[in-house]
Amino acid sequence: MHAYIAGSVRLLAVPLLLAGVAAGIAPAAPAVAAPAESIGTPTFVHDQLNGVAATSATNAWAVGCTHCFTSKGMALVEHWNGTGWQQVASPAPADSVLSGVAATSASSAWAVGCSNCNNFSTRKTLILRWNGTGWKQVPSPGPAGSDLSGVAATSASSAWAVGSSTAGTSSKSLALRWNGTAWKQVPSPGSGGLSGVAAVSASSAWAVGSTGGTSSKSLVLGWDGTAWKQVASLGSGGLFGVAAVSASSAWAVGSTNRGRTLVVGWNGTAWARVASPSPGAHFIPLLDAVAATSARNAWAVGDSTNCGCGPGEPLILHWNGTAWKQVPSPTSGGGTDLRGVAATSASNAWAVGYSGSGIGPTKTVILRWNGKTWS
């Protein structure tokens with residue numbers, strides 16, 4: 001999960017590697033049979049998708065923004081109905097970005113991000129709710145200078161949203177909880193910011209991010225049903241995405257400050273780093289998101305560049321129960337960054353992001369896994 005917010009968390013996590021980084025959406029894209037770069041158009045600058053969630057083969061959501069990072073920026077919401085992707089009206093205000101989305105059924109979903117996003121001192125948390133008929137903005141707490149990067153839900157009455165709040169030049173973690181009636185801020189430790197959250201029950205959740213700064217370290221928080229507690233750092237760099245299958249099985253992904261992919265796994269007792277492919281020595285790989293359906297099936301997506309300054313070669317890794325392996329992407333050839341991934345089974349998964357060149361025009365990208373290939 002990720003967007004304008006995820007991008008900022010990325011910068012906190014790997015400051016030595018990264019230099020920086022609508023309208024024009026087709027009302028209905030064809031079913032995804034070829035590389036699905038058909039939603040969005042390079043006519044508009046910085047259209048991108050940052051998160052995706054799916055509950056079945058016929059119900060999925062993708063969120064992001066059009067004209068991202070500009071005063072014309074607007075939240076973007078797309079829906080998959082089993083046949084094609086369609087843009088859905090969003091009540092989000094101008095200068096808004098959606099970074100993450102979570103769904104528990106066809107009639108219940110959440111999308112989070114920020115409003116007034118281009119002003120870091122006054123930006124605000126943004127939360128939208130899908131009730132089966134339309135999206136509606138709901139009140140969301142958080143001090144000025146706050147944003148949300150990820151969201152997770154286990155039922156219609158239990159959800160988490162995480163991000164960061166900034167005061168001056170320092171940032172700290174931000175955690176909000178939905179109790180079935182309202183969103184409330186819950187105390188959370190950790191400087192820097194949180195970029196992803198996963199939950200398996202009302203008493204078991206994980207949130208990940210980075211401490212920020214030139215010597216950034218991974219940040220992992222665990223929810224025990226009563227409070228968030230910080231776990232010992234898993235090394236330099238940052239974690240951008242997290243997924244949990246059960247209370248004893250979870251994954252978190254990101255990158256190290258040395259320009260290597262970072263994958264850590266939870267076995268019910270401890271977090272530990274797991275070997276993961278990193279493209280050639282002259283590339284900087286970043287894993288932005290992870291999704292898992294079982295202890296033997298998980299996906300991690302991101303990109304690798306030779307400069308760390310824009311969309312590069314798409315990066316897709318798969319866990320087969322024994323090892324992480326790189327899987328070919330149909331958008332290989334450069335200029336693609338995959339920001340979100342979701343899976344409902346071993347034969348149904350989605351990856352979303354954007355394509356472009358450096359800081360030039362971008363268009364949204366949606367890829368689908370059919371059990372054999374990504375297309």
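**Exercise 1. A loop asparagine**

Work out whether Asn-116 is buried, partly exposed or exposed, given its relative accessible area of 31%, then place the residue and check its backbone.

*Solution.*
- Start with the cut-offs: buried means under 20% relative accessible area, and exposed means over 50%. With 31%, Asn-116 falls in between and is therefore partly exposed. Bear in mind that we're working from a predicted model.
- Next, the location: Asn-116 sits in the loop that runs between β7 (108-115) and β8 (124-130).
- Now the backbone. Most residues other than glycine have a negative phi. Asn-116 isn't a glycine, yet its phi is positive, at about 55°.

**Exercise 2. Three residues in one loop**

Take His-67, Cys-68 and Gly-73, find where they sit, and decide for each whether it is buried or exposed.

*Solution.*
- Location first: the loop between β3 (59-66) and β4 (74-80) holds Cys-68. His-67 is in the loop between β3 and β4, and Gly-73 is found there too.
- Take His-67: a relative accessible area of 16% is under the 20% cut-off, so His-67 counts as buried.
- Cys-68 comes in at 1%, so Cys-68 is buried. For Gly-73 the value is 3%, which means buried again.
- One backbone oddity to note: His-67 has a positive phi of about 50°, and it's no glycine.
- Finally, look for contacts along the chain. The C-alpha of Cys-68 is 8.3 Å from that of Ser-96, with their positions 28 residues apart in sequence. For Gly-73 and Asn-118, 45 residues apart along the chain, the C-alpha separation is 9.0 Å.

**Exercise 3. Sorting out the tryptophans**

Classify the ring pair of Trp-206 and Trp-271 from its geometry, then do likewise for Trp-319 and Trp-324.

*Solution.*
- For context, there are 21 aromatic pairs in the structure.
- The ring centres of Trp-206 and Trp-271 are 5.0 Å apart and the planes meet at 90°; planes over 60 degrees apart count as edge-to-face, so that's what this pair is.
- What does the pair join? Trp-206 belongs to strand β15 (residues 204-210) and Trp-271 to strand β21 (residues 271-273), so the pair ties together parts 65 residues apart in sequence.
- Check the surroundings: Trp-206 and Trp-271 are buried.
- On to Trp-319 and Trp-324, with centres 5.9 Å apart and 45° between the planes: this pair is tilted. Trp-319 and Trp-324 are buried as well.
- While you're at it, look at Trp-61, Trp-130 and Trp-135, which ring pairs link into a cluster.

**Exercise 4. Mapping the largest pocket**

Describe the largest pocket by its volume, by the strands that line it and by the class of its lining residues.

*Solution.*
- The volume is about 790 Å³.
- Count the lining: 36 residues, with Val-52, Ala-53, Val-101, Ala-102 and Ala-342 nearest the centre.
- Then ask which elements give two or more residues to that lining: they are β2 (48-56), β6 (96-105), β10 (146-155), β14 (193-201), β18 (238-246), β22 (284-294) and β26 (336-345). The largest share is six residues, and β22 provides it.
- Sort by class and you get 24 nonpolar and twelve polar residues, with no charged ones.
- For a closer look at β22, try Ala-289, which lies in that strand. Its relative accessible area is 2%, so Ala-289 is buried. Its C-alpha is separated by 6.3 Å from that of Arg-339, 50 residues away along the chain.

**Exercise 5. A buried threonine and its partner**

Which backbone oxygen lies 2.9 Å from a polar atom of the Thr-261 side chain?

*Solution.*
- Thr-261 is in strand β20 (residues 261-266).
- With 1% relative accessibility, Thr-261 counts as buried.
- The partner is Pro-277, whose backbone oxygen is at that 2.9 Å distance.

**Exercise 6. The whole chain**

How many helices and strands does the protein have, and what share of its residues is buried?

*Solution.*
- The secondary structure is one helix and 28 strands.
- Out of 375 residues, 57% count as buried.
- For the surface, the accessible area is about 13400 Å², and carbon and sulfur atoms account for 55% of that.

Notes: Residues numbered from 1 in each chain as written. Predicted model: local features only at pLDDT ≥ 70, side-chain atom pairs only at ≥ 80, totals over all residues. Heavy atoms only, no water. Helix = DSSP H or I, 4+ residues; strand = E, 2+ residues; numbered from the N terminus. Buried < 20%, exposed > 50% of the residue type's maximum accessible area, 1.4 Å probe, protein only. Areas by Shrake-Rupley, 256 points an atom, 1.4 Å probe, with all protein chains shown as cover. Phe/Tyr/Trp six-rings, centres within 6.5 Å; stacked < 30°, edge-to-face > 60°. 1 Å grid on protein atoms, 1.4 Å probe; cavity = no way out; pocket = protein on both sides within 12 Å on 5 of 7 lines; lining within 4 Å. Points joined across faces, edges and corners; volume = space filled by probe spheres on them. Nonpolar A, V, L, I, M, F, W, Y, C, P; charged D, E, K, R; others polar. Polar contact = N/O pair within 3.5 Å; in protein donor to acceptor, adjacent residues only side chain to side chain.
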